[in-house]
Amino acid sequence: MRLSTVILPDRRWSEGGRESWQRAEELGFHTAYTYDHLSWRTFRDGPWFGAIPTLTAAAGVTSRMRLGTLVTSPNFRHPVTLAKELISLDDISGGRVTVGIGAGGSGFDATALLKDGQDPWTPRQRADRFAEFVPLLDRLLTEDVVSYEGEHYSAHEVRNIPGCVQRPRLPFAVAATGLRGMRLAARHGQAWVTTGDPKLYETGTPEQSLEAVRGQIQRVGMFCAETGRDAADLHKVMLTGFTPDRPLESFDAFVDFAGAHAEAGIDEIVVHWPIADSMFASDVAVFEKIATEALAQLS
């Protein structure tokens, strides 16, 4: 089991931003991710910084911990420009980057670039774009020169030399709870990310949520088998904070949560860095004890 964290890009670098990333490495987190949004939910009217510049700065003040997005989406990203930024970030970090990618939601990112009168993409339209986005990004990160003409994206003699430090490219962590996204994770991902069943977040029970995660793991394993891949080779990541559970409520609550999900097949758990007076508020002392001691309880 690996334990990672998400540090939201909601503070100026000079006012606590830098210290959070450095402290995450000191606490021993495997990976520190950040959200890649233009703005997000209740944080919309407060400070919010760009993911790639934030991760670039984090790469400069850390040396061991992996870094990544959780997640980047086609809502405002294009595979060609994203690939160039990721190759640069991978180089600056010394090969410590994982790109978490997902189809994107219907929030502020989905409407920020629309002209007046335009409707945001439907879930099917987002899934259609994601199905084209992922394999094109894969090619752009592994081939020196790429040309492609698709329904939604194109690339004309795009050069990405010298490519990633990590070979053949930096890892993909594909976030998906739907079947089409799971197929993409099985084919292109080094990891698959779940937030549980969104329908259970407000009205379900922890037991129902765990059972839903078990079902998701079974389905993504089925898609691995379809591609001739061993499901054990696909890393399985649980982003917490969107299920009926309260794993950061106490040290014991986290150990119970992590143990149950490890038995179900999850091998990386991601917790949100504490943010006071928000949906990610938690006791800092408990959070740090979880970071430094919890995994030993699972061995």
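Biologist: How do you know which classes of residue make up the lining of the largest pocket?

Modeller: In this predicted model, the lining of the largest pocket divides into 19 nonpolar, 14 polar and six charged residues. Glycine is counted among the polar residues under the rule used here, so a glycine in a lining adds to the polar count.

Biologist: How much volume does the largest pocket have, and which residues are closest to its centre?

Modeller: The volume of the largest pocket is about 1200 Å³. Among the 39 residues that line the largest pocket, R41, V71, G104, G105 and T195 are the closest to its centre. Two or more lining residues come from each of β3 (66–72), α4, α5 (179–188) and β8 (191–194), and the largest share, six residues, is given by α4.

Biologist: What makes the phi of R41 worth a remark?

Modeller: R41 is not a glycine, and yet R41 has a positive phi of about 45°. R41 is placed in the loop between β2 (31–34) and α2 (51–61).

Biologist: Which classes of residue line the second largest pocket?

Modeller: The second largest pocket has a volume of about 290 Å³, and of the 14 residues lining the second largest pocket, G241, R246, L248, M279 and A281 are the closest to its centre. Its lining is made of six nonpolar, five polar and three charged residues.

Biologist: Turning to the helices, the axes of α3 (residues 79–92) and α4 (residues 123–142) cross at roughly 45° and come within 9 Å. Why is α3 called oblique to α4?

Modeller: An angle has to be under 35 degrees to count as roughly parallel, over 145 to count as roughly antiparallel, and from 65 to 115 to count as roughly perpendicular. The value of roughly 45° for α3 and α4 fits none of these ranges, and therefore α3 is oblique to α4. The crossing of this pair is right-handed.

Biologist: What makes the contact between α3 and α4?

Modeller: On the side of α3 there are P79, V80, L82, A83, L86 and I87, and on the side of α4 there are F133, L136, L137, L140 and L141. By class, the contact of α3 with α4 has eleven nonpolar residues, no polar and no charged.

Biologist: Why are α5 and α6 called oblique to each other?

Modeller: α5 and helix α6 (residues 206–226) pack at about 55°, and their axes are 8 Å apart. That angle is above the limit of 35 degrees for roughly parallel and below the 65 at which roughly perpendicular begins, so α5 and α6 are oblique to each other. α5 passes α6 in a right-handed crossing, in which L179, M182, R183 and A186 of α5 meet Q216, R219, V220, F223, C224 and E226 of α6. The contact of α5 with α6 has six nonpolar, one polar and three charged residues.

Biologist: Helix α7 (residues 251–264) and helix α8 (residues 284–298) pack at an angle of about 45°. Why is α7 called oblique to α8?

Modeller: About 45° falls between the limits of 35 and 65 degrees, which makes α7 oblique to α8. The crossing of α7 and α8 is right-handed.

Biologist: Where does P162 lie, and what kind of peptide bond joins I161 and P162?

Modeller: P162 lies in the loop between β6 (154–159) and β7 (172–175), and a cis peptide bond with an omega of about 15° joins I161 and P162. P168 is found in the loop between β6 and β7, and R167 and P168 are joined by a cis peptide bond with an omega of about 5°.

Methods: Residues are numbered from 1 along each chain as its sequence is written. This is a predicted model: local features need pLDDT of at least 70, side-chain atom pairs count only at pLDDT 80 or more; totals for chains, interfaces and linings use all residues. Side-chain values use heavy atoms; hydrogens and water are left out. Axes are lines fitted to C-alpha atoms, for helices over the stretch in contact, and angles run from 0 to 180 degrees between N-to-C directions. Helices (H or I, at least four residues) and strands (E, at least two) are DSSP runs, numbered from the N terminus. A crossing is left-handed if the near helix is turned anticlockwise from the far one by less than a right angle, and right-handed if clockwise. Contact means heavy atoms within 4.5 Å. On a 1 Å grid over the protein atoms alone, a cavity is a set of points where a 1.4 Å probe fits but cannot get out, and a pocket is an open set with protein on both sides within 12 Å along at least five of seven lines; lining residues have an atom within 4 Å of a point. Grid points are joined across faces, edges and corners, and a volume is the space filled by probe spheres set on the points.
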